[in-house]
Amino acid sequence: MLFFVRQGVILFPDSAIGGRIMLSVHRISIPTPYPVGPVNAYLIKGDPLTMVDCGPDTPEAREVLTAGLKEQGVSPEDIKRIVLTHAHPDHSGMAQWLWKESGAEVYVHPYEYRKITGEQDFIKERLPFIVKMGIPMNILLEMAGDRDKVPRPTLSGVNTVAVTGGEKLRFDGREMDIMHLPGHATGHICLYDSREGELFSGDFLLLDITPNPLLEADPENPERRYPSLSRYLECLELVDGLGIKRALPGHGGIIEDPGAVIASSREHHQRRFDRLLEILGDNGKMNTYNISSTMYPDLRGFHIFLGLSEVQAHLDVLLEQGCIKVEYSQGVAFYLKAPGE
Ligand SMILES: [Zn+2]
Ligand SMILES: [Zn+2]
């Protein structure tokens, strides 16, 4: 279960302590129509006035964001900079509107920019991978028919700043590192304040849920599947090594013990690997759809795609590790345990 938070919680004092300039950060919890629940947008009251993510573009979300900003004495037109952790509509949807109100620059990874602007076709780029999964036609139609009711995000005419990780996000007297931490999305970025040990983690690290390693084409080689989960697990190692003190996630409560969340995320994935090997051990050769419907029999609509993504990402890691093999029959990939596994 997600832990929902009050909006407008002051996380840090807006003052100079021990000669250091402290940035005041305010969380605004914005409703979304998605099962994940509200999304967290963060207002960083530094110079320039910055938002990290902004919520979906629905009338209700605009109202809540405007009210949350007002509580801090800020109006939408005051925002100077918007950082989008990734393109998913619950995080990026309102960027276009906020830009119209404010003329703020929007910082986004180029891989995510292509998704928001529609340069990248969600279905077309995934189709070659989807056909290999052995999905029955009625299920394909069910997934394709489950369209998002929220208007697709756009960034038309918006001043965007492309960031790929490694840059500094500067404030007057402070700076944060922009980190590229893919896996949930190919161009997912986080902000790391190394002096305070704080990570604005987007959907990279969440308190009670493990982000879905979504099926995507590799932006550098669209013929191949992006190795979402192996990249994600590498990024977890990297962030674990930073020894961050807390994380400010895109959903749910503040993460006060990031090390524990990272450990439980690793355990979660290990359990999935074990379960997959068990299913293949019991059933022999199976395609991705058969495995997914065995593991997640109750999924419907778009959630079937999320289940397939989860299974495919784990299969890809097991393949990389040599624990399983793949054989093709009539264009469909079938997986089986490698001898000795
Ligand atoms: Zn997301
Ligand atoms: Zn999200």
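Here is a short chat about the zinc site and salt bridges in this predicted model.

Biologist: Which protein atoms act as donors to the zinc ion (ligand 2), and how far from it do they lie?

Modeller: Two histidines take part through NE2, namely His91 and His251. Asp203 is listed twice, each time with an OD atom. Together these donors lie from the zinc ion (ligand 2) at 2.1 to 2.8 Å.

Biologist: Is the arrangement of the four donor atoms around that zinc ion (ligand 2) tetrahedral or irregular?

Modeller: To count as tetrahedral, all angles would have to lie between 85 and 135 degrees. Here the four donor atoms subtend angles of 51 to 126°. The low end falls outside that window, so the call is irregular.

Biologist: What is the sequence spacing of the donor residues, and how many residues apart are histidine 91 and histidine 251?

Modeller: The donor residues of the zinc ion (ligand 2) follow the pattern H-x111-D-x47-H. Histidine 91 sits in helix α2 (residues 89-92), while histidine 251 is in the loop between β16 (246-249) and α8. That pair links distant parts of the chain, and the separation is 160 residues.

Biologist: Are histidine 91 and histidine 251 buried or exposed?

Modeller: The cut-off for the inside label is under 20% relative accessible area. Histidine 91 meets it, and so does histidine 251; both are buried.

Biologist: Which residue coordinates both zinc ions?

Modeller: The zinc ion (ligand 2) and the zinc ion (ligand 1) are 3.4 Å apart. The residue coordinating both is aspartate 203.

Biologist: Moving to charges, which residues join lysine 168 in one salt-bridge network?

Modeller: Lysine 168 pairs with aspartate 177, with the closest N and O atoms 2.6 Å apart. Its side chain also meets glutamate 175 in a salt bridge, at 3.9 Å from N to O. Salt bridges that share partners tie Lys168 into one network with Arg170, Glu175 and Asp177.

Biologist: Why do glutamate 175 and lysine 168 count as partly exposed?

Modeller: The partly exposed class runs between the 20% and 50% cut-offs. Both residues land there because glutamate 175 has a relative accessible area of 36% and lysine 168 one of 39%.

Biologist: Which helices hold aspartate 240 and arginine 266?

Modeller: The side chains of these two meet in a salt bridge at 2.9 Å, N to O. They are 26 residues apart, in distant parts of the chain: aspartate 240 is in helix α7 (residues 228-242), and arginine 266 is in helix α8 (residues 258-283).

Biologist: And how many salt bridges are there by this rule?

Modeller: The rule asks for a Lys or Arg side-chain nitrogen within 4 Å of an Asp or Glu carboxyl oxygen. On that basis the count is 19.

Note on methods:
Residues are numbered from 1 along each chain as its sequence is written. Chains are lettered from A and ligands numbered from 1 in the order in which they are written. This is a predicted model: local features need pLDDT of at least 70, side-chain atom pairs count only at pLDDT 80 or more; totals for chains, interfaces and linings use all residues. Side-chain values use heavy atoms; hydrogens and water are left out. Buried means under 20% relative accessible area, exposed over 50%, partly exposed in between (1.4 Å probe, protein chains only). Helices (H or I, at least four residues) and strands (E, at least two) are DSSP runs, numbered from the N terminus. Donors are N, O and S atoms within 2.8 Å of the metal (3.2 Å for Na, K and Ca); water is not among the atoms, so sites may look incomplete. Four donors count as tetrahedral if all angles lie between 85 and 135 degrees; four count as square planar and six as octahedral if opposite donors are over 155 degrees apart and all others between 65 and 115; anything else is irregular.
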